[in-house]
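Work through the exercises below with the sequence and the model open beside you. Try each task before you read its solution.

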Amino acid sequence: MLPNTGRLAGCTVFITGASRGIGKAIALKAAKDGANIVIAAKTTHPHPKLPGTIYTAAEETIHTAAMDMLGGSGIESQCRKVDIIADAAYAIFKKPKSFTGNFVIDENILKEEGIKNFDAYAIKPGHPLLPDFFLDEYPEPITKKMESTGAVPEFKEEKPQPQPKPRLGAVEETFRIVKDSLSDDVVKATQGIYLFELSGEDGGTWFLDLKSKGGNVGYGEPSDQADVVMSMSTDDFVKMFSGKLKPTMAFMSGRLKIKGNMALAIKLEKLMSQMNARL
């Protein structure tokens, strides 16, 4: 961990989004130095799935709840504690004004500060850490390290390839394979109805019913109201179900739009991973 030096004593630090998670951790790190902290956050009432408000944060002198929503149970084994961002931000605060404008990755700047052991930042020490969602490249050495410990990397570095249009009937074929993969156990474990609004060739509205006995798929609207609505292109839909596009990445990049129950959307991602070998 990066030790506090007191260098920020008397400085005023204005931090947005500080009611929970990373913003809050940065505020606490700077406060330990004796800095005056001004926090801004829109959360005034507790969220059922994202605890913390601007008031509870102000009362204090964590892999985040948001990661649970996006990654589901078990994601914590690949997560950092928010302290890594707090320490990285602290290292930036100590830099001269001429440092502004730089793009910084937490691990890189902390290595420059002399940090060698990153287990202190891991939710589960000894487990390889998941890179940030927004990093385009996933270094091959880290991929191999994660796989060697039995972890499943969220992203892998791939060589750029031409992006062909989905073949005629690709969506229908995908749903056929999905239907063949359904079972009472899958339905019992999921209990959700999904509606897909697909744009482009072979698109339209499709549904996946994982509430009815045995499950069902089809073109058009489901018989009952959908719990989750996913909007995307047919090309991305086929890639997502075949394992060539991670749903999390599609969502974070805006290629996938989700309305409804996010927890059920995450359950679908797990189901997709079981089907990848067949698609």
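## Exercise 1: A pair of helices

Helix α7 passes helix α9 in a left-handed crossing, where left-handed says that the near helix is turned anticlockwise from the far one by less than a right angle, a clockwise turn being right-handed. The model is predicted, so that local features need pLDDT of at least 70 and side-chain atom pairs count only at pLDDT 80 or more, while totals for chains, interfaces and linings use all residues. Residues are numbered from 1 along each chain as its sequence is written, and side-chain values use heavy atoms, with hydrogens and water left out.

Task: Describe how the axes of α7 and α9 are placed, and list which residues make the contact.

Solution. Begin with what has to be stated: two packed helices are described by the angle between their axes and the distance between the axes. Next, locate α7 at residues 170–180 and α9 at residues 234–241; helices are DSSP runs of H or I with at least four residues, strands are runs of E with at least two, and both are numbered from the N terminus. The two axes come within 10 Å and cross at roughly 30 degrees, which means that α7 is roughly parallel to α9, since angles under 35 degrees count as roughly parallel, over 145 as roughly antiparallel, 65 to 115 as roughly perpendicular and the rest as oblique. Then turn to the contact (heavy atoms within 4.5 Å): α7 supplies A170, V171, T174, F175 and V178, while α9 supplies T234, F237, V238 and F241. Finally, sort these contact residues by type, which gives 7 nonpolar, 2 polar and no charged.

## Exercise 2: The cover of α9

Task: Find how many residues of α9 are buried, and what follows the helix.

Solution. First fix the term: buried means under 20% relative accessible area, exposed means over 50%, and partly exposed lies in between, with a 1.4 Å probe and protein chains only. By this rule α9 is mostly covered, with 8 of its 8 residues buried; among them are D235, D236 and K239. After α9 comes G243, whose phi is positive, near 90 degrees. For the whole protein, buried residues make up 43% of the 279 residues.

## Exercise 3: Helix α8 and the loop after it

Task: Decide whether D184 and Q191 are buried, partly exposed or exposed, and describe the surroundings of each.

Solution. Start with D184, which is found in helix α8, residues 184–190. Its relative accessibility is 42%, so D184 counts as partly exposed. Leaving out residues up to four places away in sequence, D184 touches K213 and G214. From D184 to K211 there are 27 residues in sequence, but 9.4 Å in space, C-alpha to C-alpha. Now move to Q191, which lies in the loop between α8 and β3 (192–199). Q191 is partly exposed because its relative accessible area is 40%. Most residues other than glycine have a negative phi. Phi of Q191, however, is near 55 degrees, a positive value.

## Exercise 4: N216 and its contacts

Task: Which residues does N216 touch, not counting residues up to four places away in sequence?

Solution. Place N216 in strand β5, residues 216–219, and note that N216 counts as partly exposed, because its relative accessibility is 31%. With that sequence limit applied, N216 touches K179, L182, F207, L208 and D209. As a last step, compare chain and space: N216 and S183 are 33 residues apart along the chain, and their C-alpha atoms are separated by 9.7 Å.

Technical notes: Axes fitted to C-alpha atoms, helices over the stretch in contact; angles between N-to-C directions. Nonpolar A, V, L, I, M, F, W, Y, C, P; charged D, E, K, R; others polar.
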